[in-house]
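Biologist: I'd like a close look at one part of this model rather than a tour of the whole thing. Could you pick a spot and tell me which pieces meet there, at what angles and through which residues?

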Amino acid sequence: MQRLIQMLPILLLLNSVGGGGLGLGAAASTLTLSSGSRPAASLTSSSSSTSTSMSPSSPSIENSMNIGIYQISMPSKLDQALEFQTSVGIRDRTKTLPGVLKTSIDVKDLLQTHVVRNSTKPPKSRWDKNEVRTVNTEIACAMAHRNAYRKFLANETLTHALIFEDDVQVSVNAFNQIKKSGSTGGLMDVVRTLASTSTELGWGMLNLGRCNAFCALENNSKETNKKSIGPIRIVKGSGDCTTAYLLTRNGAQSLHEGTLPMFSPIDFMQKNVLGKAVLDITPRLFAQIQSNTNSMHNYDKPECRPHG
């Protein structure tokens, strides 16, 4: 009940932005983007000299897109994950995937079977000194995301995957900006439009919930700023975190092949494998819930690095 009370402002905001709904078919197990099924939206999209509506860039792109939605959840955070799915109207079409318990990880065995490279052996310090992280947690998280890639790739009807962790929440900052822009569409309208840019911009992964990004280095150059969609900018990837992101089939295939053996935390592997094919959005649509209990992560990080 306390969690639902905390989410009321988000629910009201989504209601006002999305007209009370997300324009999705109630019985769909995946998010199929068919023309005419989505409410009109007034966000504009621009890339260099072009300017279009919030809709995907052409009817052919919209008709061909089919997005599978997945959420990775630890057992203790399942209720929280389901509440999030309900709050954004995707519960009936989201596949909830079990997280991997760190207690199930046998690093010695994974090294011997070449599932993990030696570079992930402790000691390891990739995060701030105030955070306590273990290699078992990093491996477990990476294995859970690799499972999501496999589920996505196994369904050949899907063109994109939208992947969430269990500690995700909607960013009020982003939706306040979307609301001020005059949009009459909902959350998934924004996600659909972002997904429709994958071919144009050549990304394999689009981070919707980045953290620790080098925001101060993001200028107005074409190299950094790839496209603007209303108040949302698609920019060169510099952030961490895997709270929420979109994948193309090519991106997922590259990650599935390139992250075994595993050699780093999953967000570092994603950038290492995909390189320039990883882009971010700003402001982020999703953020992490700060938590001190067992979830995919037990910390919260801002979108931008301090002074960087």
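Modeller: Before the angles, one bit of vocabulary: a helix axis here is a line fitted to C-alpha atoms over the stretch in contact, and the angle between two axes runs from 0 to 180 degrees between their N-to-C directions. Keep in mind that this is a predicted model.

Let's settle on helix H10 and see what it packs against. Helix H5 (residues 135–154) packs with H10 at an angle of about 55°, and the two axes are 9 Å apart. Under 35 degrees would be roughly parallel, and roughly perpendicular starts at 65, so H5 ends up oblique to H10. On the H5 side, the residues involved are Cys-141, Ala-142, His-145 and Tyr-149, and they meet Ile-266, Met-269 and Gln-270 of H10. Sort the residues of that contact by type and you get 5 nonpolar, 2 polar and no charged.

H10 (residues 266–274) also meets helix H9 (residues 249–258): their axes come within 10 Å and cross at roughly 110°. The perpendicular class covers 65 to 115 degrees, which means H9 counts as roughly perpendicular to H10. The crossing of these two is right-handed. H9 brings Gly-251, Ser-254, Leu-255 and Gly-258 to the contact, while H10 brings Met-269, Gln-270, Val-273 and Leu-274. Here the split is 4 nonpolar, 4 polar and no charged. Put the two contacts together and you'll spot Met-269 and Gln-270 of H10 in the one with H5 as well as the one with H9.

While you have the model open, have a look at the aromatics too. The structure holds 3 aromatic pairs. One of them is Phe-84 with Phe-286, an edge-to-face pair at 6.1 Å centre to centre with 75° between the planes. This pair ties together distant parts of the chain, with Phe-84 in helix H3 (residues 78–87) and Phe-286 in strand S13 (residues 286–288), 202 residues apart. Both of those rings belong to buried residues. Phe-286 pairs with Phe-164 as well, again edge-to-face, at 5.1 Å centre to centre and 75° between the planes. That is another long-range link, from Phe-164 in strand S6 (residues 160–164) to Phe-286 in S13, 122 residues apart. Phe-164 has 1% relative accessibility, so it counts as buried, and Phe-286 is buried at 0%. Together, Phe-84, Phe-164 and Phe-286 make up one aromatic cluster.

Note on methods:
Residues numbered from 1 in each chain as written. Predicted model: local features only at pLDDT ≥ 70, side-chain atom pairs only at ≥ 80, totals over all residues. Heavy atoms only, no water. Helix = DSSP H or I, 4+ residues; strand = E, 2+ residues; numbered from the N terminus. Parallel < 35°, antiparallel > 145°, perpendicular 65-115°, else oblique. Left-handed = near helix turned anticlockwise from the far one by under 90°. Contact = heavy atoms within 4.5 Å. Nonpolar A, V, L, I, M, F, W, Y, C, P; charged D, E, K, R; others polar. Phe/Tyr/Trp six-rings, centres within 6.5 Å; stacked < 30°, edge-to-face > 60°. Buried < 20%, exposed > 50% of the residue type's maximum accessible area, 1.4 Å probe, protein only.
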